[in-house]
Amino acid sequence: MPRHPPRLVYDDDCGFCTWSAEYADARGDFELVGFSELTPDQRARLPADYERCAHLLTDDRVYSCGEATEEVLARLDSPERAVVALFRLLPGPARARIREPAYRWAADRRAWWGKLRKR
């Protein structure tokens, strides 16, 4: 059975989110899927509140929010991958305690980030 590139699911109404997805795609192997483009099968794999954050759909797993961002960064062919490798030296629970609040802080300010970076 053929394996698909990971699908990076993001808010395609958000300029910063679109810029971030395109940045990842330019440095990694992803299929970009905006919220407005989700198929019923893709949507069924996501949590009910999927519009709260980005997701990475692989053939085997669904990564959401900060965990999705960590996984995307780990798959990039760029310096971010080295930073994630160091971050992953921390135990999983410690990473989650840092990663998820950091993701939420950034996501809650995406309109502000969009003024700096947008499509």
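Select V9 and V33: V33, in β2, is the bridge partner of V9. Keep in mind that this model is predicted.

Now widen the selection to β1 and β2. The two strands run parallel, and four bridges join them.

Next, show the whole sheet. Four strands make it up, ordered β2-β1-β3-β4. The sheet is open, with mixed pairing. Look at its edges, β2 (31-34) and β4 (62-64). Each has a single partner strand, so one side of each lacks a neighbour in the sheet. Look along the sheet for its twist, which averages 20 degrees from one strand to the next.

Add α3 to the view. This helix lies across β1, β3 (55-57) and β4. Its angle to β4 is about 110 degrees.

Turn to side chains. In soluble globular proteins, nonpolar side chains tend to be buried together. Here, the largest nonpolar core has 13 residues. Select L8, A24, F30, L56, V72 and L76, the members with the most contacts inside it. Then colour β1 (7-10), α1 (15-27) and α3 (66-74), each of which supplies at least two residues of this core. Which element gives the largest share? That is α1, with four residues.

Stay in this core and centre on L76. Setting aside neighbours within four places in sequence, L76 is in contact with Y23, A24, R27, G28, F30 and R81.

Last stop: a second core of seven residues, separate from the first. Select V9, F35, L38 and L57, which are among its members. V9 brings the tour back to its starting pair, V9 and V33.

Conventions
Residues are numbered from 1 along each chain as its sequence is written. This is a predicted model: local features need pLDDT of at least 70, side-chain atom pairs count only at pLDDT 80 or more; totals for chains, interfaces and linings use all residues. Side-chain values use heavy atoms; hydrogens and water are left out. A nonpolar core is a set of buried Ala, Val, Leu, Ile, Met, Phe, Trp, Tyr and Cys residues joined through side-chain atoms within 4.5 Å. Buried means under 20% relative accessible area, exposed over 50%, partly exposed in between (1.4 Å probe, protein chains only). Contact means heavy atoms within 4.5 Å. Two strands pair if DSSP finds at least two bridges between them. Axes are lines fitted to C-alpha atoms, for helices over the stretch in contact, and angles run from 0 to 180 degrees between N-to-C directions.
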